[in-house]
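Open your viewer and keep the selection box handy. We will go from chain to chain, picking one thing at a time.

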Amino acid sequence: MVKVIVNGTEVEVEEGATLLRAIQRAGYEVPTLCLFGHMYREASCRVCLVELSNGKLVPACAYPVSEGLRVLTDTPKVRRVRRTVIELILATHKTKCWECLRKGGHCLLLKLASEYGVEGIPVCAECPLYGEDCLVVRGYPCLGPITVAGCGAQCPLSGSYCIGCRGPITRKDTLREAARFYAKYGVNIKNVLSLATIFWGRLSEFNLVRSELLNSFTNYFRGGGP
Amino acid sequence: MRLSEVIEVDRVFGHVELEVVIDGDDVLTKFRVVHDPRFIELAMEGRHYLEVPYIASRICGACSIAHYLASIKAIENALGIEVSEDTEVVRDVLNSLQVIQNHLIHLTFLALPDYLGVKDINSLLSKSRDVIKLVMKLNSLILKAIKVLGGRIVNPNIPYVGGFIREISREDLNLAIKYVNESRGVFSEVLSKLRLKDLPLLKDVANNYLVLKIRNHYLSSSDEVVASDGHVFKHNEYLNYIEEVSSSWSNSKVVLYKGKPLHVGPRARVSKYLGIVKEVVSELGGIDTNNPFSNLIAKLIEIKYLLEVIPNILSDMRISKLGGGSPHKSEVLNGEGVGVIEAPRGLLIHHYVINGGRLVHANIITPTEINARHIELSARELSINLVKNNPLNISKLRSMLSFLVRTYDPCLPCAVHVSVVNGLRR
Amino acid sequence: MRSLLERCCSKCWHSTEYPCRNYVRCRLEGPLCHDDPSCREARRARIEEIKYGRYGFKIRVPLASCSIAAGAQEVYEAVVKEVKSRGIKADVGRVGCTGLCYLDPWVELHRRGYPPAIYANVRPEDVGKILSEYLSGDVSSAYALRYRTGRARGEDKVPTLDELDVWRLQVRYVSRNCGLIDPESIEEYIAYGGYRGLDRALRMSPDEVIEEIKKSGLRGRGGAGFPTWLKWRICRDQPSKEKYVIVNADEGDPGAFMNRLLAESDPHRVLEGLIIAGYAVGAAKGFIFVRAEKPLMAERLRKAVEDARKYGLLGRNILGRGFNFDVEVILSAGAFVCGEETALIAAIEGRATPRQRPPYPAVKGLWGKPTVINNVETLAHVATIMAEGWESFARYGTEKSKGTKMFCVTGAVKRTGAYEVPLGTTLRVLVEKIAGGARDGRRIKAIQIGGPSGGCIPAELMDTPIDYESLQKVGAIMGSGGIVVIDDSSCMVDVAKYFTSFVVAESCGKCFPCRVGTKILYDTLVRITEGEGSDEDLEVLQDLSEVIKYASLCALGGTAPNPVLSTLRYFRNEYEAHIRDKRCPAGVCSRLVTYYIIDSKCVGCGSCARSCPVGAVSRGSNGKYVIDSSKCIRCGQCFIVCPVGAVGKR
Amino acid sequence: MGVSTAVVSRAVITSEVTDYESFAEEVCRKYGLKRQYLIRVLQEIQARYGYLPKEALKKVSEVMKIPLTEVITVATFYHQFRLERPGKYLILVCMGTACHLRGNTQNYKFLRTYLGIRSGESTTSDGLFTVEKARCFGCCSLAPVIMVMSRDGKHKKLYGGVNPVTLRKIINYYRAMERKAS
């Protein structure tokens with residue numbers, strides 16, 4: 001058995017265990033994304049970085065324990081790095097949250113993003129309405145697909161469609177995908193845009209949103225297809 | 001005897017100044033709203049009719065439900081959209097819940113300190129902490145009920161043009177009933193703990209008022225307005241009787257009914273429908289509807305009565321399915337309509353002209369705007385009484401006048417939704 | 001005796017099956033097992049022949065990649081043709097590269113009794129003239145002499161190598177044979193003292209060998225500077241029977257070629273070091289991991305392995321010590337990430353993606369077995385230390401960074417080349433004295449050290465001593481030893497962009513910070529160099545770089561932001577010039593530069609118009625040429641081709 | 001790096017040998033079908049054809065029982081491999097640090113515009129020249145450097161100190177050689 005000190009509390013773990021096991025046994029929590037039990041432990045997402053006593057950051061999921069190892073799981077440096085790593089992961093993640101099976105509370109990336117204040121995921125990721133009872137599917141000009149998540153999708157939860165009070169998503173690919181999603185269920189982009197002007201009318205990002213939605217919407221009808 | 005006082009009235013929704021000028025025996029009072037206009041009606045113009053309610057509900061957080069429902073009624077009236085009776089009932093109940101919540105907040109935080117002769121809420125907290133706690137508990141219960149029916153405690157989103165977006169089921173209603181019943185018990189506790197002093201005496205110099213004719217139960221909406229002189233007129237004929245005059249010293253306009261100042265609000269409603277609420281009135285020791293200060297008593301009456309009547313209204317409903325389904329598609333895209341509702345502070349009128357599905361013209365008349373001139377008259381009357389026989393006591397004058405303005409419970413942000421600058425309004 | 005390595009007579013029984021323990025020592029000091037003056041004389045004559053050629057006249061021509069590129073192959077053929085046609089009695093030998101690249105292609109003529117003369121920048125047509133001059137005893141047109149003998153005319157006018165700064169300030173500890181011996185002849189290597197290190201090591205126990213290396217203070221020359229003895233000690237202590245030793249000859253750093261120079265000029269020294277490492281660690285198999293893009297280097301290493309195996313220095317029961325060790329040369333397809341230990345191992349196993357460490361390769365490396373990976377130069381040092389003793393190495397260097405290191409100084413210097421200097425030498429000595437300082441009259445602005453993982457140090461800090469710690473302090477790393485001198489004609493933002501684009505291309509893409517982060521760094525830098533940068537871009541660069549540094553899985557990502565961080569730290573004003581005044585001080589970032597023709601200088605020759613790819617240059621009414629800046633794509637060709645320098649940059 | 005995954009093989013110069021499958025199988029057998037020698041196999045294939053033909057890659061994956069995606073991953077990861085048929089002469093522009101500082105980026109841009117290579121492509125329309133960026137050759141004293149290699153690997157020449165003027169001469173030299181040969 002090996003002694004490891006996690007955030008000051010001592011804990012015993014068997015030889016060869018990973019730092020993550022020790023941290024969990026000490027009662028602390030460290031987020032992991034790419035860890036998949038014994039199938040994948042390559043530490044490529046870097047979300048589980050923790051700080052050793054010498055200031056080095058190591059991935060808890062793959063770093064083997066050694067006697068007397070001291071580790072801190074929540075220092076300012078760890079939080080800052082973790083926040084940026086999540087942002088980088090999000091930058092390459094296709095945010096078609098409205099069609100994702102993990103929406104409505106099962107999206108780990110969303111949990112992490114909201115915990116670390118990273119914005120950019122559509123409200124749909126938080127909205128549990130799926131399939132027929134999704135407001136866009138029912139034909140309402142819900143702004144969920146193009147509004148930044150963080151409100152827990154209060155409006156859709158209570159039945160009405162999102163009117164974008166948390167500000168627009170500015171990622172081009174998400175906006176294009178959203179336009180296709182609207183077109184697919186016959187929601188006219190003009191209504192969506194006019195509804196969006198309530199809160200976004202004055203924002204500089206609004207022209208970006210409008211141009212992206214309009215181009216891909218027209219492409220959709222020019223045979224671009226969903 | 002010459003005197004000129006400007007009183008910045010505190011503990012009201014927004015900023016207002018009451019200017020009193022006494023020169024010899026003529027007294028002049030000015031009710032000056034210092035908010036700058038927010039051009040809400042202009043913001044609404046050009047919008048698709050489905051978006052207008054969202055803007056309307058954001059005029060003011062206190063009675064966002066009243067504005068939201070009035071806006072929906074105006075649209076439905078303009079486009080000739082019929083809604084079921086059950087929908088009307090649930091909407092009225094939702095509105096009544098917010099009326100209760102508003103009265104609670106106004107009484108405890110704004111008016112009660114005067115009523116109990118204390119300086120403000122902090123001193124009230126130290127003296128009667130348990131009352132405040134109870135009121136808070138009561139308030140949260142009411143808010144829960146509002147959330148069940150409205151979707152959110154402020155800026156509701158379940159009610160929608162033509163009905164409700166989300167299905168309102170039997171369980172929702174039962175849940176609302178449960179909360180209201182619970183809050184009734186708490187309210188009676190509050191009443192028992194409250195030792196209300198008697199109100200200052202004042203005669204209402206122009207005691208004419210307007211109230212929305214009730215459809216069936218108290219505070220239910222209809223499309224007719226009844227005046228104190230018994231005259232009843234359709235809500236879309238309001239322009240023939242009500243005129244908006246811009247006042248030179250205040251950013252808010254002033255409303256006259258047949259050329260005469262008038263007041264609206266709980267006192268007007270209670271005095272009109274005294275018959276319906278008479279048991280509650282007697283329980284609370286009667287009301288002199290001619291005294292402007294009795295507005296506070298009227299609020300208590302409305303709270304008590306509504307808490308008793310709402311559970312029955314909701315349980316009597318035999319609803320199968322209410323709301324849900326696909327969005328509202330109206331064939332008619334042009335029209336002019338008026339939506340009237342009894343907001344917590346009185347009669348609220350939304351008047352829309354819709355052309356091609358877009359709002360072309362909007363005019364909103366809010367209760368505080370209607371009460372503006374009446375407040376000045378009452379203030380003049382009160383200052384005359386105070387100055388006439390006893391020696392001038394400036395601080396007493398100031399506190400009494402502030403107390404008077406507070407009883408009218410003006411909501412200044414609503415009062416200035418359109419600029420007064422002459423010529424701007426077409 | 002045809003070759004030192006053959007048996008001198010029937011009494012010597014050495015063969016690969018029954019190797020004689022004293023085989024190596026016997027080559028030079030022999031015969032040891034029997035006393036026969038004729039065998040001793042045969043050896044002396046053979047050594048004489050190796051050094052001075054059969055007829056006492058040896059001609060050396062450098063055939064390493066860089067010299068061949070500069071035309072050495074044609075010079076070599078010209079010399080052979082000249083010698084045959086004029087019947088001159090001389091041996092024309094191929095040698096490695098001395099590291100003085102600016103001399104390439106050079107030729108060395110060495111007649112017994114006469115001073116060995118090195119002629120610089122020889123063209124095939126000059127060979128005849130040089131030969132006749134030297135044969136007539138006149139060395140005045142030589143660039144330098146190895147030493148003087150006093151028997152040739154013009155000797156005093158020509159400096160000896162030791163008098164030249166470029167040679168005098170060097171300590172050629174590991175590159176002593178480079179440019180002297182024939183890289184493809186094991187015999188010459190042994191004649192110049194080769195394999196004595198292996199011989200001595202095999203007489204000691206593996207622990208004593210590790211102790212010797214520990215005393216010498218040798219640290220890894222690949223870049224990280226990890227103590228070599230410690231790596232060996234950890235691997236040795238692993239219980240597993242099967243262990244491996246690998247030479248990391250990938251050398252992915254652009255602008256660094258000292259490993260290639262060593263391997264192409266003195267391959268056996270590297271191989272000897274590898275065998276010693278194998279012995280010390282207890283491995284039976286060694287690999288040489290070399291890039292297919294450097295074919296000559298791979299070929300010379302493979303030839304060295306074959307020769308060593310042929311003469312019993314590799315394979316079973318080496319030198320009769322019961323030590324079996326074999327070596328295989330692995331061709332890598334060329335990825336910068338393979339420089340990183342775990343990626344190199346993964347490359348041998350199939351695909352080069354780094355793995356999270358620990359476990360360190362010394363514990364669990366190639367196919368899960370303990371593996372030691374050392375750089376080419378490190379193993380060359382090992383062989384030399386074992387041959388000369390640890391004091392010969394520890395004598396040089398500073399208290400913490402012992403010994404010497406080879407550096408490739410390139411870029412804006414007069415004398416580009418690979419120089420070996422003791423650690424602790426200051427950058428100023430290396431760049432200004434040895435490499436001759438800035439060229440064509442420009443001013444040195446910065447020194448980029450450590451390749452894409454290194455940093456840029458401003459000229460003011462040129463007095464920083466070169467060792468692991470002090471370079472770290474100023475924000476750079478020693479790295480493999482590539483030093484690029486940047487003068488004021490280069491733009492630092494462009495340099496940072498260049499290195500970032502290199503790392504973006506070479507990132508293996510496994511972990512997010514490196515894959516996505518470096519791309520964002522690159523895009524930001526591109527925006528800045530195109531005049532669309534903004535102030536918070538600088539914060540993004542600074543902040544994101546630090547996160548990439550902390551969060552990346554391997555050393556590639558960990559050091560990728562160093563160029564950006566160091567240029568931000570020392571050359572923030574250039575960034576601000578690009579952002580605020582939309583101006584590139586050095587006139588490199590084409591988008592921010594407008595080209596115009598200076599009427600006073602223009603002679604109307606029209607070469608700019610002809611060279612302009614988009615036809616933006618037209619002939620004005622007054623015969624002078626005019627550039628239409630709307631059409632101009634700012635490629636700078638007119639600026640380059642104009643014979644009278646009439647094209648100005650604004 | 002000029003390796004575009006859109007495989008466009010324009011066999012303009014037809015005389016080339018096209019026994020992709022058989023040669024690929026032969027090479028695989030030579031290395032005993034061991035997974036570890038995949039890179040060596042690909043190098044030999046590229047040495048023969050100047051690039052990695054699709055058919056050869058399929059054969060390698062089939063014979064060595066390695067998923068085709070894995071083979072493609074290795075083929076695209078390493079800088080040396082090319083999936084697209086190069087022109088008869090391959091011009092490699094060194095992108096080492098010294099060469100970059102001495103202007104090879106501009107030379108690369110000049111070559112592309114001078115030879116009229118369309119963006120996204122790396123071979124001239126007549127299939128004669130391919131221009132690609134290359135890793136550091138290691139002869140920095142001659143910077144800026146380009147290397148011209150014939151597809152069959154017989155001719156390999158390195159030119160130092162190039163600029164647009166000398167580049168134009170080099171191109172004309174090879175064009176002349178090509179005209180003489182045909």
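The tour below starts with a single chain and then moves on to contacts and strands.

Before you select anything, note that this is a predicted model, in which local features need pLDDT of at least 70 and side-chain atom pairs count only at pLDDT 80 or more, while totals for chains, interfaces and linings use all residues. Residues are numbered from 1 along each chain as its sequence is written, and chains are lettered from A and ligands numbered from 1 in the order in which they are written.

**Stop 1: chain A.** Select chain A and colour by secondary structure. You should find seven helices and five strands, where helices (H or I, at least four residues) and strands (E, at least two) are DSSP runs numbered from the N terminus. Following the sequence, the order is β-β-α-β-β-β-α-α-α-α-α-α. The C-alpha trace spans about 65 × 35 × 35 Å along its principal axes. Of the 226 residues in chain A, 43% are buried; buried means that 20 or more other C-beta atoms, placed from the backbone, lie within 10 Å of the residue's own.

**Stop 2: where chain A touches chain C.** Now show both chains. Here 17 residues of chain A are in contact with 14 residues of chain C, contact meaning C-beta atoms, placed from the backbone, within 7 Å. On the chain A side, β4 (57-59) and α2 (76-92) each supply at least two residues, and α2(A) gives the largest share, seven residues. By class, this side has 12 nonpolar, three polar and two charged residues. Nonpolar covers Ala, Val, Leu, Ile, Met, Phe, Trp, Tyr, Cys and Pro; charged covers Asp, Glu, Lys and Arg; the others, Gly among them, are polar.

**Stop 3: a hairpin in chain B.** Select residues 242-246 of chain B, strand β9, which runs antiparallel to β10(B) and is joined to it by five bridges; strands pair if DSSP finds at least two bridges between them. Six residues form the hairpin connection from β9(B) to β10(B). Look across from B:Glu243 and you meet B:Leu256 in β10(B). Is β10(B) enclosed or open? Four of the five residues of this strand (253-257) are buried, so the rest of the structure largely encloses it.

**Stop 4: chains C and D.** Finish with the contact between 40 residues of chain C and 38 residues of chain D. Elements giving two or more residues to the chain C side include α14 (341-349), β10 (404-411) and α19 (492-506) of chain C. That side divides into 21 nonpolar, 13 polar and six charged residues.

Methods: Buried ≥ 20, exposed ≤ 12 C-beta atoms within 10 Å, placed from the backbone. Contact = placed C-beta atoms within 7 Å.
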